[in-house]
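This briefing walks through selected features of the structure shown below, grouped by topic for reading alongside the coordinates.

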Amino acid sequence: MSKNEISEQDRRRKKALIVFQVLLYSYLLGLFLFQLHLYSLSDW
Amino acid sequence: MASTTFGVYDAHQDNSKQAQWRADKWMIAGTLLMGTGVLGIFGLPLFFYGLHLQIQAGKAGLSVRPLIVTLIGYLVIIDSSLNSLGWAMDLFANHSLINRVLTAGWGAVFDGGYFWHYNELTVGPYAVGGAGAPGEKGWEISLILGCFCPRLAAAIGLLQMKRWGQQWLIVTCWMGVIVWIGYNLNMTFYADVRYANITFPVWGWWIYDIFYITPFLSLPYLHTVNREIFTD
């Protein structure tokens, strides 16, 4: 396996991990917004 | 001739090691203080001074640790220490003055799970005390033992440029995914307990905790860094 192939694999790996993080932080943002929604419904 | 060449190399190695250790002493002192939480403000300038020393040594041509490894390693140590110490106090020192002031005080502002009915938790006839929010004690015990202490050790290994340090940091970063998916979901299900009648409901907790919700950010770097820079 040449050096270029390894770096190409790493490039794709990095991209996939960044996409994964976007999904994860979207989930967390969703939870935050849902909690704000609960806040708006309650008398906290 | 050969001995002269090796002599120069050895001297460079020695100087690099000394410069790294000199910088590390300041950063370790700063991190220890920041890891306590209460003394954090005093630790920050010490840490920055050590960081400055390391950057200067790098500019002078010495072989010091990559800056990104230094930042990730020390940040993880601070994160793990704050969580382990804070939760250990809630578990074992929940009637101490410092805990009742700081943890319950923090709870009154950000998280009612650490304020309302604080120190009233019992298991059958046994007094447990500390936070009584549903699920909280399970998270505390499992994450101190299973995540934050191994993560602290991994960060020390990473700073020593050990392969096991890099590998275990990757393992505990992935644990962070479970931690934050589960912990926040638990908080959402018990939002009535966590956010009722506190100073800054919902947004206060998120602003305070966003710093902690970062373990996965270093995954792209850790998975693609040249593994050869770490030693077995």
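**Pro220(B) and its surroundings**

In chain B, helix H9 spans residues 219-224, and Pro220(B) lies within it. The model is a predicted one, and the points below start at this proline, pass to the contact between the chains, and then turn to helix H5 of chain B and to loop residues.

- Pro220(B) has 18 other C-beta atoms within 10 Å and is therefore partly exposed, since a residue is called buried if there are 20 or more and exposed if there are 12 or fewer.
- Once its neighbours within four places in sequence are left aside, Pro220(B) is in contact with three residues of the other chain, namely Lys14(A), Leu17(A) and Ile18(A).
- Within its own chain, Pro220(B) has its C-alpha atom 9.8 Å from that of Ile170(B), although the two residues are 50 residues apart along the chain.

**Chain A and its contact with chain B**

- Chain A contains 1 helix and 0 strands, and of its 44 residues 2% are buried.
- The contact between the chains involves 17 residues of chain A and 20 residues of chain B; on the side of chain A that touches chain B, 12 residues are nonpolar, 2 are polar and 3 are charged.
- Arg13(A) belongs to helix H1 of chain A, which covers residues 3-41, and, leaving aside neighbours within four places in sequence, Arg13(A) is in contact with His223(B) and Thr224(B).
- Because Arg13(A) has 14 C-beta neighbours inside 10 Å, this arginine counts as partly exposed.
- The C-alpha atoms of Arg13(A) and Leu33(A) are separated by 30 Å, the two residues being 20 residues apart along the chain.

**Helix H5 of chain B**

- Helix H5 of chain B, residues 136-159, has a kink of about 50 degrees that is centred on Leu143(B), and Leu143(B) is itself among the buried residues of this helix, which also include Glu136(B), Glu140(B), Arg151(B) and Phe148(B).
- The buried residues of H5(B) pack against two helices of chain B, H3 (67-92) and H6 (163-189).
- H5(B) and H6(B) have axes that are 8 Å apart and pack at an angle of about 150 degrees; because angles over 145 degrees count as roughly antiparallel, the two helices are described in that way.
- The crossing of H5(B) and H6(B) is left-handed, and the residues of their contact comprise 14 nonpolar, 4 polar and 1 charged.
- On the H5(B) side, the residues that meet H6(B) include Trp139(B), Leu143(B), Cys147(B) and Arg151(B), while those on the H6(B) side include Trp164(B), Leu169(B), Met175(B) and Tyr183(B).

**Residues with positive phi in chain B**

- Most residues other than glycine have a negative phi.
- Met161(B), which follows H5(B), has a positive phi near 60 degrees.
- Asn197(B), with a positive phi near 55 degrees, is found in the loop between helix H7 (191-195) and helix H8 (203-209) of chain B, and counts as exposed because it has 11 C-beta neighbours inside 10 Å.
- Val202(B) is also found in the loop between H7 and H8 of chain B, and its phi is positive, near 65 degrees.
- Val202(B) has 23 other C-beta atoms within 10 Å and is therefore buried.

Note on methods: Residues numbered from 1 in each chain as written. Chains lettered and ligands numbered in written order. Predicted model: local features only at pLDDT ≥ 70, side-chain atom pairs only at ≥ 80, totals over all residues. Helix = DSSP H or I, 4+ residues; strand = E, 2+ residues; numbered from the N terminus. Contact = placed C-beta atoms within 7 Å. Nonpolar A, V, L, I, M, F, W, Y, C, P; charged D, E, K, R; others polar. Bend = angle between axes of the 7 residues up to and from the residue. Axes fitted to C-alpha atoms, helices over the stretch in contact; angles between N-to-C directions. Parallel < 35°, antiparallel > 145°, perpendicular 65-115°, else oblique. Left-handed = near helix turned anticlockwise from the far one by under 90°.
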